[in-house]
Amino acid sequence: MQPFALNYARPAVELAVATPYAYDSGLQLNVLGDGRIAACDLALLREVGTTTSTAGSKTHFDD
């Protein structure tokens with residue numbers, strides 16, 4: 001027997017978003033393209049609100 005909700009469940013739509021930073025496993029921080037730490041870029045933090053790392057837990061913040 002299939003649960004009722006599975007008859008109507010749809011996969012979440014993945015948004016194509018380009019982040020201006022990437023995770024650096026050596027530093028264990030998000031860094032910008034020029035090598036600066038993303039959490040130190042105030043303009044970036046104002047725009048995106050946080051630099052959440054996707055390396056592990058979604059609740060880990062680099063700032």
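Asp 41 is buried, with a relative accessible area of 16%, in a model that is predicted. This residue lies in the loop that connects strand S2 (29-32) to helix H1 (42-48), and its side chain meets that of Arg 36 in a salt bridge. The chain as a whole holds 1 helix and 2 strands, arranged β-β-α from the N terminus on. The points below begin with the chain and then turn to the hairpin, the surroundings of Asp 41, the charged network and the nonpolar surface.

**Overall composition**

- Of the 63 residues in the chain, 21% count as buried.
- The chain exposes about 5,300 Å², and carbon and sulfur atoms supply 57% of that area.
- When contacts between residues at least 6 apart in sequence are considered, 20% of them join residues at least 24 apart.

**The hairpin of S1 and S2**

- Strands S1 and S2 run antiparallel and are joined by 4 bridges.
- One pairing across the hairpin involves Asp 24, whose bridge partner in S2 is Leu 29.
- The hairpin has 4 residues between its strands, and Gln 28 takes a positive phi near 60 degrees there.
- Leu 27 also belongs to the loop between S1 and S2; Leu 27 is partly exposed because its relative accessible area is 47%, which falls between the limits of 20% and 50%.
- Leu 27 and Ile 37 are separated by 10 residues in sequence, and their C-alpha atoms are 9.2 Å apart in space.

**Side-chain directions in S2**

- In a regular strand, side chains alternate between the two faces of the sheet.
- In S2, Leu 29 and Val 31 point one way, whereas Asn 30 and Leu 32 point the other way.
- These four residues, Leu 29, Asn 30, Val 31 and Leu 32, are all buried.

**Surroundings of Asp 41**

- Asp 41 counts as buried because its relative accessible area of 16% is under the 20% limit.
- The side chain of Asp 41 reaches the backbone nitrogen of Ala 43 at 3.2 Å.
- Leaving aside neighbours within four places in sequence, Asp 41 is in contact with Leu 32 and Arg 36.
- Leu 32, one of these contacts, is also one of the buried residues of S2.

**Salt bridges**

- Side chains of opposite charge can pair when their charged atoms come close.
- A search of the whole structure finds 2 salt bridges.
- One salt bridge joins the side chains of Asp 34 and Arg 36, at 2.9 Å from N to O.
- Another joins the side chains of Arg 36 and Asp 41, at 3.6 Å from N to O.
- Through shared partners, these salt bridges link Asp 34, Arg 36 and Asp 41 into one network.
- Which members of the network are buried, partly exposed or exposed? Asp 34 is exposed, with a relative accessible area of 53%; Arg 36 is partly exposed, at 43%; and Asp 41 is buried, at 16%.

**Nonpolar surface**

- Val 13, Leu 15 and Val 17 make a nonpolar surface patch of about 370 Å².
- Val 13, one of the patch residues, is found in the segment before strand S1 (21-24).
- Val 13 is exposed because its relative accessible area, 72%, is over 50%.

Key. Residues numbered from 1 in each chain as written. Predicted model: local features only at pLDDT ≥ 70, side-chain atom pairs only at ≥ 80, totals over all residues. Heavy atoms only, no water. Buried < 20%, exposed > 50% of the residue type's maximum accessible area, 1.4 Å probe, protein only. Contact = heavy atoms within 4.5 Å. Areas by Shrake-Rupley, 256 points an atom, 1.4 Å probe, with all protein chains shown as cover. Polar contact = N/O pair within 3.5 Å; in protein donor to acceptor, adjacent residues only side chain to side chain. Patch = residues over 30% accessible without salt bridge, like charges linked within 9 Å, V, L, I, M, F, W, Y side chains within 5 Å. Salt bridge = Lys/Arg side-chain N within 4 Å of Asp/Glu carboxyl O. Pairing = 2+ DSSP bridges.
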